[in-house]
Amino acid sequence: MKYLVIDSDEALDPGLRADLLDTWVAATNAGGAVGYTPPAPVEQIAENLDGALGRVAAGLDLLGVLHTGERYAGMGLLVSRGSWLQEHWRTVLRVMVHPEHQGNGAGRVLMEGLRGSAVDLGLEQLQLTIRDGLGLEKFYVPLGYRVVGTHPRAIRLAPDDYRDEITLVQDL
Ligand SMILES: CC(C)(COP(=O)(O)OP(=O)(O)OC[C@H]1O[C@@H](n2cnc3c(N)ncnc32)[C@H](O)[C@@H]1OP(=O)(O)O)[C@@H](O)C(=O)NCCC(=O)NCCS
């Protein structure tokens, strides 16, 4: 599995979009915490993906992807907050690996690639949030992130199903 950075002029490539949409839909249907619950709302995810790719094309955010040799099968974004007060760090968003390729170290390759991209950008920190209750700290903490806070009941999956949102930070 190879980590690649997508340049702004590659971000609107239809083949990239198709593979990332498939990855996002499959990760959602497999129970992944990437903004939606199963069954994956494909139109909404497509709209969200197009917005994200548009920001990459505009040079605002960085998109790191995984390529199997045949197709794109993972992604993560380094999203800028847009404030000059916060130019020294970015939020890592939409971290996902296609379910067919999970559990073999691909996620680690992706996160190490994103870390390298952040260093190349001259950033000092990366921040991300996770949904509590899925054990995702066990993925991020060995990669150098530490828990810095919890927002109780920040995520409402259903009218009677709230989850805390945990914030993690990595110093670069
Ligand atoms: C989270 C995700 C990116 C990890 O990718 P992956 O390729 O499965 O992870 P890796 O195989 O590189 O795992 C690296 C280590 O993290 C652990 N790990 C991976 N996913 C984990 C999870 N969901 N919970 C707990 N530990 C996890 C692995 O056991 C492994 O530990 P080890 O080195 O002791 O064996 C992937 O499972 C995924 O896409 N999930 C769905 C989307 C999602 O929930 N994204 C997180 C958004 S915050």
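Trainee: Which elements supply the shell around the ligand?

Mentor: In this predicted model, strand 4, helix 3, strand 5 and helix 4 each give at least two residues to that shell. The shell has 21 residues, and Val 95, Val 97, Gly 105, Gly 107 and Arg 108 are the closest.

Trainee: What makes a residue count as near the ligand?

Mentor: One of its heavy atoms has to lie within 4 Å of the ligand. The 21 residues that surround the ligand pass that test, so they are called its shell.

Trainee: How does the shell divide by class?

Mentor: You get 11 nonpolar, 8 polar and 2 charged residues. Gly counts as polar here, so Gly 105 and Gly 107, two of the closest residues, go with the polar ones.

Trainee: Why is the pair between Gly 103 and the ligand called a polar contact?

Mentor: The cut-off for a pair of N or O atoms is 3.5 Å. A polar backbone atom of Gly 103 is 2.8 Å from an oxygen atom of the ligand, so the pair qualifies. Ala 33 also uses a polar backbone atom, 3.0 Å from a ligand oxygen. With Gln 102 it's a polar side-chain atom, at 3.3 Å from an oxygen of the ligand.

Trainee: And how much of the ligand does the protein bury?

Mentor: Taken alone, the ligand exposes 900 Å², and the protein buries 70% of that.

Trainee: Where does the ligand sit?

Mentor: The ligand sits in the largest pocket. To say that, more than half of its atoms must lie within 2 Å of the pocket's grid points.

Trainee: What can you tell me about that pocket?

Mentor: Its space is about 930 Å³. The lining has 38 residues, with Ala 33, Val 34, Val 95, Leu 136 and Tyr 140 nearest the centre. Strand 4 gives the most, 6 residues. Sorted by class, the lining holds 21 nonpolar, 10 polar and 7 charged residues.

Trainee: What makes Arg 94 stand out?

Mentor: Most residues other than glycine have a negative phi. Arg 94 isn't a glycine, yet its phi is positive, about 60 degrees. You'll find Arg 94 in strand 4.

Trainee: How do you know that the peptide bond from Pro 38 to Pro 39 is cis?

Mentor: Its omega is near 0 degrees. Most peptide bonds are trans. Pro 39 lies in the loop between helix 1 and helix 2.

Methods: Residues numbered from 1 in each chain as written. Predicted model: local features only at pLDDT ≥ 70, side-chain atom pairs only at ≥ 80, totals over all residues. Heavy atoms only, no water. 1 Å grid on protein atoms, 1.4 Å probe; cavity = no way out; pocket = protein on both sides within 12 Å on 5 of 7 lines; lining within 4 Å. Points joined across faces, edges and corners; volume = space filled by probe spheres on them. Helix = DSSP H or I, 4+ residues; strand = E, 2+ residues; numbered from the N terminus. Polar contact = N/O pair within 3.5 Å; in protein donor to acceptor, adjacent residues only side chain to side chain. Areas by Shrake-Rupley, 256 points an atom, 1.4 Å probe, with all protein chains shown as cover.
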